[in-house]
Amino acid sequence: MHEGSFFAQVNMMFDRAAVYTQHSPGLLSQIKNCNCVYHVSFPLVRDNGEIEVISAYRAEHSHHMQPTKGGIRYAPTVTADEVMALAALMTYKCAIVDVPFGGAKGGITIDRRKYSERELERVTRRFTFELAKKNFIGPGVDVPAPDYGTSAKEMTWILDTYTTITADPLDALACVTGKPVGQGGVRGRVEATGQGTFYGIREACAIVEDMQALGLDEGVEGKRVIVQGLGNVGYHAALYLEEAGALLVGMAEYEGGIYNPDGLRLQDVMEHRCETGSILNFPGATNIEDSAYTLELECDILLPAALEGQIRIDNVHRIQAKIIAEAANGPVTASADQILNEKGILVIPDMYLNAGGVTVSYFEWLRNLSHVRHGRMSRRFEAHNAQRILQVVQNLLEGQQGTPEQRMIKPDLEFGASEADLVQSGLEDTMVSAYHEIHKTARFHATDLRTGAFVSAIDKIAQGYERLGIFP
């Protein structure tokens, strides 16, 4: 059954939430529409000398905050509609976690597995040049980042290309985020989206009444998890869940899925995949030929971390999970979302749950503009301050004949926060605060978390337009 385009799906969810706000129809229309989309075609000379025409897109959804921000994906499914939808989700995502960016998204319509590294570099550099020609990239204009099919390597090529053509090389580092640490990146960015996903799931599972309504105990420990997609986001989310005591019972990739109700150890599966090129035939697990079927197996938490439209009207009734944690963008269609809510399944929405990436990208962008590493000016001060406090404590303990265990606290606490510590702390605080904000909004309107998240985002974006003086 056709359920409409991806962008139409996002706007359907927007419209459901808009009725809970007091904003004018004109302002609501401005918020949900995409401001601009750039489609470019350019030639690629393949390694064998053949010429292929490449299609690429960049969408800027909202300019209520600038710069706009959003990843660039390499996938054969990339279309104008897809980047518009993803840019819209980025707008709402940034608003939810109070990151001062408008939403953007880009993509190149290629299957990267069919191209050499030299070819991918040429494609990336040419796309960067095309974006720069039309003013679709720049530290204060539009800032890309990694997404599906891209990594820090592509971001390095973007940075290098932009630096050679910009008239403002001083702040060029801030033209893109998700870079290697040695080239202006920030520690903690690689795992940020997956780690943020874990923080969101942890907060949801900590609310006793919500867990009781699902027939579950509070906390992550002991919950059975199925992960779809073992890329950067899915892998790190699964890793943190496993470390917190969750039981990974199923995993799915494009080649199929595996399932073991007694549990799968993530690192063992990844080593098996590295050795064989597939997660299939993992010892002790049942192979699932159609990876989509993995979504329908019994579990407590289903973590779709692949592409959009995975849970649709044609398979939603077979979903057995009690919690769906949307690590991917748009994994649940609008029609399926309504049915999940009717079934009493708790859906933690994508535009909140995977906001860890843009949150830490914001920290990287700030670092690049300030030209100072996070913690550089404060770390030693904090360490020396801790020394002074601990010296007082130690003197008191010695005067009161404190135990050896009490005196051992000094080496553990005498340190200052590193950049990684500060980034992780900022990410955790952002995700925790945002969850309770959207949860409170959802409860106030007696609705679901996704609607609560949209309402929160719409209100904040409306304030942004009001500050610009566009809408009274």
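These legends walk through several close-up views of a predicted model.

**View 1. The cysteines of this model form zero disulfides.** A disulfide is a covalent bond between the sulfur atoms of two cysteines. Take C36 and look for a partner: the closest cysteine sulfur belongs to C34, and it sits 6.5 Å from the sulfur of C36, which is too far for a bond. To count, the two sulfurs would have to be within 2.5 Å. While you're here, check how covered C36 is: its relative accessibility is 22%, so C36 counts as partly exposed. C274, by contrast, is exposed, with a relative accessible area of 67%.

**View 2. Q228 sits in strand β7 and is tucked out of reach.** The strand covers residues 224-228. Is Q228 buried or exposed? Q228 is buried, because its relative accessible area is 6% and buried means under 20%. Its side chain isn't without a polar partner, though: it makes a polar contact with the side chain of Q310, at 2.8 Å. Now look around Q228, skipping its neighbours within four places in sequence. The residues in contact with Q228 are then A252, L295, L303, P304, A305, A306 and, once again, Q310.

**View 3. Strand β5 is covered on both faces.** This strand takes in residues 102-108, and seven of its seven residues are buried. On one side you'll find G102, A104, G106 and I108, and on the other G103, K105 and G107. Even K105 is buried here.

**View 4. Strand β5 pairs with β2, β3 and β4.** Which way does each partner run?

- β2 (residues 51-60) pairs with β5 in the antiparallel sense, over five bridges. In this pairing, Y57 has G107 as its bridge partner.
- β3 (residues 68-69) pairs with β5 in the parallel sense, over two bridges. Here K69 is matched with G103.
- β4 (residues 72-74) also runs parallel to β5, and three bridges join them. R73 stands opposite G107.

Notice that G107 turns up twice: it is the bridge partner of Y57, and R73 stands opposite it too.

**View 5. F14 and Y92 make up one of the 11 aromatic pairs found in the whole structure.** Their ring centres are 5.8 Å apart and their planes meet at 35°, so the pair is tilted. Where do the two residues come from? F14 is in helix α1 (residues 6-18) and Y92 is in helix α3 (residues 80-96), so you're looking at a link between distant parts of the chain, 78 residues apart. Both F14 and Y92 are buried.

**View 6. Y352 and Y435 form another tilted pair.** This time the ring centres are 5.7 Å apart, with the planes at 55°. Y352 lies in helix α11 (residues 350-353) and Y435 in helix α16 (residues 419-444), so the pair ties together parts that are 83 residues apart in sequence. Like the previous two, Y352 and Y435 are buried.

**View 7. Aromatic rings can also gather in a group or sit under a charge.** F101, Y362, F363 and W365 form one aromatic cluster. For the charge, turn to Y254: the charged end of R113 sits over the ring of Y254, 4.9 Å from its centre.

Conventions:
Residues are numbered from 1 along each chain as its sequence is written. This is a predicted model: local features need pLDDT of at least 70, side-chain atom pairs count only at pLDDT 80 or more; totals for chains, interfaces and linings use all residues. Side-chain values use heavy atoms; hydrogens and water are left out. Buried means under 20% relative accessible area, exposed over 50%, partly exposed in between (1.4 Å probe, protein chains only). Helices (H or I, at least four residues) and strands (E, at least two) are DSSP runs, numbered from the N terminus. A polar contact is a pair of N or O atoms within 3.5 Å; within protein, one must be able to donate a hydrogen and the other to accept it, and residues adjacent in sequence count only if both atoms are side-chain atoms. Contact means heavy atoms within 4.5 Å. Two strands pair if DSSP finds at least two bridges between them. Rings of Phe, Tyr and Trp (its six-membered ring) pair if their centres lie within 6.5 Å; planes under 30 degrees apart count as stacked, over 60 as edge-to-face and the rest as tilted. A charge sits over a ring if NZ of Lys or CZ of Arg is within 6 Å of the ring centre and within 35 degrees of the ring normal.
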